[in-house]
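Me: I would like a close look at a single part of this model, with its surroundings set out step by step. Please begin with the contacts of one residue and work outward from there.

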Amino acid sequence: MSEPDQDDMAAAWAAAMEEQSDSPSQPAAQPADFAEFPESAVVPGTGPNLDVVLDIPVNISMEVGGTEITIRNLLQLNQGSVVELDRLAGEPLDVLVNGTLIAHGEVVVVNEKFGIRLTDIVSPSERIRRLR
């Protein structure tokens, strides 16, 4: 990650923390107490073991495109109907993890199954910027 990206991310976190501490309705965030973690989650001298979160399942989806139609037109769809999408043929697909855009890719076929080849990964700082 480049230095300007790190500076932007650090500034975004600092602003969020300051905003949270300025809010009288919420108590100030307390640092994590590692004693609450299970013994297997802490490696002596290193803090929490990130391996604990690596097996958490997430939903990944590929978005070909979208469109907006009326309920009347939706009810008229049947086998063989064609729905025009807002993407051009050959345009990259969006790769979403838990609804957040993380990459773009292209469709490939592997062993007679569809797959996606990632062509561009969205930087962490860009993901934070899109959350705003």
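Reply: Leaving aside residues up to four places away in sequence, Gly 66 touches Leu 85 and Asp 86 in this predicted model. The C-alpha atom of Gly 66 is separated by 9.2 Å from that of Val 83, a residue 17 places away along the chain. Gly 66 itself lies in the loop that runs between strand S3 (60–63) and helix H3 (71–75). Its relative accessibility is 26%, and because buried means under 20% and exposed over 50%, Gly 66 counts as partly exposed.

The strand before this loop, S3, belongs to an open sheet of 4 strands in the order S3-S4-S5-S6, with antiparallel pairing. S3 and strand S6 (113–121) stand at the edges of the sheet, each with a single partner strand, so one side of each is left without a neighbour there. With direction ignored, neighbouring strands of this sheet are turned by 40° against each other on average. The partner of S3 is strand S4 (residues 93–97), the two pairing in the antiparallel sense over 4 bridges, and within this pairing Ser 61 stands opposite Leu 96 in S4.

As for the setting of this part, the protein chain has 4 helices and 6 strands, which follow the pattern α-β-β-α-β-α-β-β-β-α when read along the sequence. Of the 132 residues in the protein chain, 11% are buried, and among contacts between residues at least 6 apart in sequence, 29% join residues at least 24 apart. The accessible surface of the protein chain comes to about 11200 Å², of which 56% belongs to carbon and sulfur atoms.

Notes:
Residues are numbered from 1 along each chain as its sequence is written. This is a predicted model: local features need pLDDT of at least 70, side-chain atom pairs count only at pLDDT 80 or more; totals for chains, interfaces and linings use all residues. Side-chain values use heavy atoms; hydrogens and water are left out. Buried means under 20% relative accessible area, exposed over 50%, partly exposed in between (1.4 Å probe, protein chains only). Contact means heavy atoms within 4.5 Å. Accessible areas come from the Shrake-Rupley method with a 1.4 Å probe; for residues, only the protein chains shown count as cover. Two strands pair if DSSP finds at least two bridges between them. Axes are lines fitted to C-alpha atoms, for helices over the stretch in contact, and angles run from 0 to 180 degrees between N-to-C directions.
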